[in-house]
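Trainee: I would like to take a close look at the open and enclosed spaces of this protein, and at the parts of the chain around them. Could you take me through them in one connected account?

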Amino acid sequence: MNDRPAILGGEPTFVPPLPFARPTIEEPAAVLRRVEAALESGMVTNGPMVRELEERAAAMLDVEECVAVASCTLGLMLVIQAVDPQGPVVVPSFTFSATAHAVTWNGREISFADCDPETWLLRPEDVTGSPSLIVGVHVSGVPCDVAGLTKLASQLDSELIFDAAHGAGSRTVFDGRLRPLGGFGRAEVFSLTPTKVMSGAEGGLVATNDSALADRLRIARDYGNPGDYDTRFAGLNARLSELHAALALESLDHLAARVTHRNSVATRYRTGLGELPGIGFQAVPDGDVSSYKDFTILVDADDFGCSRDAVVAALAAEGIATRKYYSPPVHRQQAYAHVPTPELPVSDDLAARVVSLPIWSHLPEDVVDRVCAAFQAIQSHATE
């Protein structure tokens, strides 16, 4: 029975179960020293460690300014408020709902767009009409076509920003040079939540080369108060705490090594699963580097032998946690059922077939082999 999948009576591969994601903290003692320093100073929010994080992140991302905020979602909300689009805002539907929520919270009209079937990313040809703002998303850390979207935004006289929640450590070829994400469009907004490659447990970073925008965002994250309590506009409490900055700073030190490891894990997954029928992968454009915040595959039921949902159930029986990023796509979610949207066949097809597999910045590569072996057993018994 040991060669049979657990869902058919075999022994589970992982006992206890394999988590989907785990935060990586290489030097917990260094984090604690920073936290202790913040507690001793009495400055526990928006203090010197936040400023250090902003400066070091700006240097790493090769941008003029970084503004630390309490979350990526709040960063997107404040950037959209500052850009102040008056017409439709184009958002890809194949993304996390927070991308759309930031538009909705600003009272702006959303226009959902389809995506590329290979990279799963918004393309210039997916943008229709005359939007005031285009929001690109670097899904799973795979860089958007920043050159193409930049050119289109210029042609349409539209603003362009990027949801770079997954993008810390990703790089793309632009003007013949491999550049980090962060400096494209008016701003790019990164997440620091626990599942991200660079994490502060919570928080976000807005990267921009627009100093006036950065100045406004620093006021906006403190209720719109520049310091005299005469608020200039309706901002938010979006300040980042020193405690989160302490964790993010130590995370930043190890970002390059984490991205390298995740790429090794992704290569191992591709090797172990690539020969199985009915398995597909997200394409990374030639020359670009993905952070591999997620590693997501596609399951073709006809070729694999059973449905995506059957695979997810079989993996759960093996003790392998998974997610279905992003199913349903945002335009199919209840919160956005009222938004008039044309057919988005690529987004719908991807959402019906995606399975995101465990990946962490310290995931042992032999664990990947065991996941792949479980997958192989499931496929060999797929019809059962």
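Trainee: Before we turn to the pockets, how many helices and how many strands are there in the chain?

Mentor: Please keep in mind throughout that this is a predicted model. The chain holds 12 helices and 12 strands, and its radius of gyration is 21 Å, close to the 21 Å that the globule rule gives for 384 residues, so the chain is as compact as a globular protein of that length. Along its principal axes the C-alpha trace spans about 70 × 55 × 40 Å, and 55% of the 384 residues count as buried. Of the contacts in the chain with a separation of 6 or more, 72% are accounted for by residues 24 or more positions apart.

With that background we can turn to the spaces themselves. Rolling a probe the size of a water molecule over the atoms shows where empty space is left. The largest pocket has a volume of about 310 Å³, and its lining is made up of 19 residues, with F96, A165, H166, S191 and K196 lying nearest its centre. By class, this lining has eight nonpolar, eight polar and three charged residues. Two helices, α3 (72-83) and α4 (98-105), each supply at least two residues of that lining, and the largest share, three residues, comes from α3.

Helix α4 deserves a pause here, as its other contacts can be traced as well. Its buried residues are A98, T99, A100, A102 and V103, and these pack against α3, β2 (89-92), β3 (110-113), β4 and β5. The helix is followed by G107, whose phi is positive, near 70°.

Strands β4 and β5 appear again when we look at α5. The buried residues of this helix, which runs over residues 146-156, are V146, G148, L149, L152 and A153. Seen down the axis of α5, these buried residues fall within an arc of 160°, so they line one face of the helix. They pack against β4 (133-137), β5 (159-163) and β6 (171-174), while the face turned away from the buried side carries the exposed residues K151, S154 and Q155. Just after α5, D157 takes a positive phi of about 55°.

The second largest pocket contains about 210 Å³ of space. Its lining consists of M60, L61, G169, S170, R171, P180, L255, A256, V259, T260, N263 and V289, which by class gives seven nonpolar, four polar and one charged residues. Here α2 (48-61) and α8 (255-273) each supply at least two lining residues, and α8 gives the largest share, five residues.

One residue of this lining, S170, can be followed further. S170 sits in the loop between β5 and β6, and at 1% relative accessibility it counts as buried, the cut-off being under 20%. Leaving aside neighbours within four places in sequence, S170 is in contact with G141, P143, R179, P180, L181, V289, S290 and S291; of these contacts, P180 and V289 are also named in the lining of the second largest pocket. In addition, the C-alpha atoms of S170 and D288 are 7.7 Å apart in space, although the two residues are 118 residues apart in sequence.

As for enclosed spaces, a search of the whole structure finds three cavities of 30 Å³ or more. The largest cavity holds about 50 Å³ of space, and it is lined by F20, A21, T195, R262, K293, D294 and I359. These lining residues divide into three nonpolar, one polar and three charged.

Finally, a few details of the backbone are worth inspecting in the loops. W120, in the loop between β3 and β4, has a phi near 70°, a positive value in a residue other than glycine, and W120 is buried, with a relative accessible area of 2%. A201 also has a positive phi, of about 75°, although it is not a glycine; A201 lies in the loop between β8 (187-191) and β9 (204-208), and at 28% relative accessibility A201 counts as partly exposed. The loop between α10 (308-317) and α11 (345-353) contains Y326, and the peptide bond from Y325 to Y326 is cis, with omega near 5°. P328 lies in the loop between α10 and α11 too, where a cis peptide bond with omega of about 0° joins S327 and P328.

Definitions and conventions. Residues are numbered from 1 along each chain as its sequence is written. This is a predicted model: local features need pLDDT of at least 70, side-chain atom pairs count only at pLDDT 80 or more; totals for chains, interfaces and linings use all residues. Side-chain values use heavy atoms; hydrogens and water are left out. On a 1 Å grid over the protein atoms alone, a cavity is a set of points where a 1.4 Å probe fits but cannot get out, and a pocket is an open set with protein on both sides within 12 Å along at least five of seven lines; lining residues have an atom within 4 Å of a point. Grid points are joined across faces, edges and corners, and a volume is the space filled by probe spheres set on the points. Helices (H or I, at least four residues) and strands (E, at least two) are DSSP runs, numbered from the N terminus. Ala, Val, Leu, Ile, Met, Phe, Trp, Tyr, Cys and Pro count as nonpolar, Asp, Glu, Lys and Arg as charged, and the others, Gly among them, as polar. Buried means under 20% relative accessible area, exposed over 50%, partly exposed in between (1.4 Å probe, protein chains only). The arc is that of the directions from the helix axis to the C-beta atoms. Contact means heavy atoms within 4.5 Å. The radius of gyration is taken over C-alpha atoms; the globule rule is 2.2 Å times the number of residues to the power 0.38.
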